[in-house]
Amino acid sequence: MPSAVTWDVPLLEHHPEPGRGALTVINDLQEGLPFSPTRLFWLTGLQPGMTRGGPAHKRQSQPFSVLHGAASFSLYNQAGQHEVVRLDRGVQLLALGPLVWVTLMEFAPGTVVLAMADGPYDEQDYLRPEEAFRQYRAPEPPPAVAPAPEPTTSDRQRRPRRATPVAEP
């Protein structure tokens with residue numbers, strides 16, 4: 001799976017009220033998500049036959065929720081893994097890590113999609129067009145400091161031995 005997780009989110013409280021619609025509340029984003037969202041945006045006016053999205057992010061993570069209607073999310077990563085995820089209930093959340101190409105499609109009429117991000121808008125974090133995403137290679141993390149090798153028997157034999165104090169009579 002391309003670094004995406006879908007779940008019914010316990011931090012979303014859904015309160016249907018007959019004759020009045022429903023109220024859905026997000027209570028504690030810090031507790032329910034693997035990161036702290038700092039930016040929210042939403043997509044409206046989405047209709048069947050449209051597609052949206054296309055970028056991937058170098059560092060940022062993004063959860064999505066369909067607030068109204070339904071949408072499919074076509075996801076793939078640089079390893080070639082591909083998956084299509086359908087969100088059709090307002091209490092579902094699709095969390096995408098970095099380096100996942102996402103295309104939103106197959107909208108129900110009047111769909112509204114909420115997206116969050118763990119950083120401010122940064123054009124340098126976007127990978128687009130698709131060819132740039134395919135060619136991008138994340139920088140390697142700095143090498144970990146390797147532990148000193150265990151001494152071998154010959155190393156131990158060459159080391160000077162400490163003098164053992166002699167007990168005085």
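This report walks through a predicted model of one protein, from its overall make-up to its sheet, its aromatic rings and its hollow spaces.

**Overall make-up**

The protein has 3 helices and 13 strands. Its chain counts 169 residues, and 35% of them are buried. About 11000 Å² of the protein is exposed. Carbon and sulfur atoms supply 56% of that area. Now take the contacts between residues at least 6 apart in sequence. Of these, 75% join residues at least 24 apart.

**An open sheet**

One open sheet is built from 4 strands. Their order is S5-S11-S8-S9, and the pairing is antiparallel. Strand S5 covers residues 52-53, and strand S9 covers residues 82-87. Both stand at the edges and have a single partner strand each, so one side of each is left without a neighbour in the sheet.

Look at the S8 and S9 pair. Strand S8 spans residues 71-77 and runs antiparallel to S9. The two strands are joined by 6 bridges. Ala71 is opposite Leu87, which belongs to S9.

**Aromatic pairs**

The whole structure holds 4 aromatic pairs. A pair of rings is described by the distance of the centres and the angle of the planes. Two of the pairs are set out here.

| Pair | Kind | Centre to centre | Angle between planes |
|---|---|---|---|
| Tyr76 and Phe133 | edge-to-face | 5.6 Å | 70° |
| Tyr121 and Tyr126 | tilted | 5.4 Å | 45° |

Start with Tyr76 and Phe133. Tyr76 sits in strand S8, while Phe133 sits in helix H2, residues 130-135. The pair therefore ties together parts that are 57 residues apart in sequence. Tyr76 has a relative accessibility of 13%, so it counts as buried. Phe133 is at 1%, so it is buried too. The cut-off for buried is under 20%. Ring pairs also bring in Trp101: Tyr76, Trp101 and Phe133 are linked into a cluster.

Now the tilted pair. Is Tyr121 buried, exposed or partly exposed? Its relative accessible area is 49%, and Tyr121 is partly exposed. Its partner Tyr126 has 14% relative accessibility and counts as buried.

**The largest pocket**

How much volume does the largest pocket have? The value is about 220 Å³. Its lining includes Phe41, Leu43, Phe64, Val102 and Leu104. Arg52, Gly53, Gln62 and Arg128 are also among the lining residues. Tyr126, a member of the tilted ring pair, is one of the lining residues as well.

Which strands supply at least two residues each to this lining? They are strand S4 (39-46), S5, strand S7 (62-68) and strand S11 (100-105). Two of these, S5 and S11, also belong to the open sheet.

**The largest cavity**

The structure holds 1 cavity of 30 Å³ or more. The largest cavity has a volume of about 50 Å³. Residues that line it include Ala56, Gln60, Leu96, Gly97, Pro98 and Val100. Strand S6 (56-57) and S11 each give two or more residues to this lining.

Some residues appear in both linings. Pro55, His57, Gln62 and Val102 line the largest pocket, and these residues also line the largest cavity. Strand S11 is thus a useful one to trace in the structure. S11 has a place in the open sheet, supplies at least two residues to the pocket lining, and gives two or more residues to the cavity lining.

Definitions and conventions
Residues are numbered from 1 along each chain as its sequence is written. This is a predicted model: local features need pLDDT of at least 70, side-chain atom pairs count only at pLDDT 80 or more; totals for chains, interfaces and linings use all residues. Side-chain values use heavy atoms; hydrogens and water are left out. Buried means under 20% relative accessible area, exposed over 50%, partly exposed in between (1.4 Å probe, protein chains only). Contact means heavy atoms within 4.5 Å. Accessible areas come from the Shrake-Rupley method with a 1.4 Å probe; for residues, only the protein chains shown count as cover. Two strands pair if DSSP finds at least two bridges between them. Rings of Phe, Tyr and Trp (its six-membered ring) pair if their centres lie within 6.5 Å; planes under 30 degrees apart count as stacked, over 60 as edge-to-face and the rest as tilted. On a 1 Å grid over the protein atoms alone, a cavity is a set of points where a 1.4 Å probe fits but cannot get out, and a pocket is an open set with protein on both sides within 12 Å along at least five of seven lines; lining residues have an atom within 4 Å of a point. Grid points are joined across faces, edges and corners, and a volume is the space filled by probe spheres set on the points.
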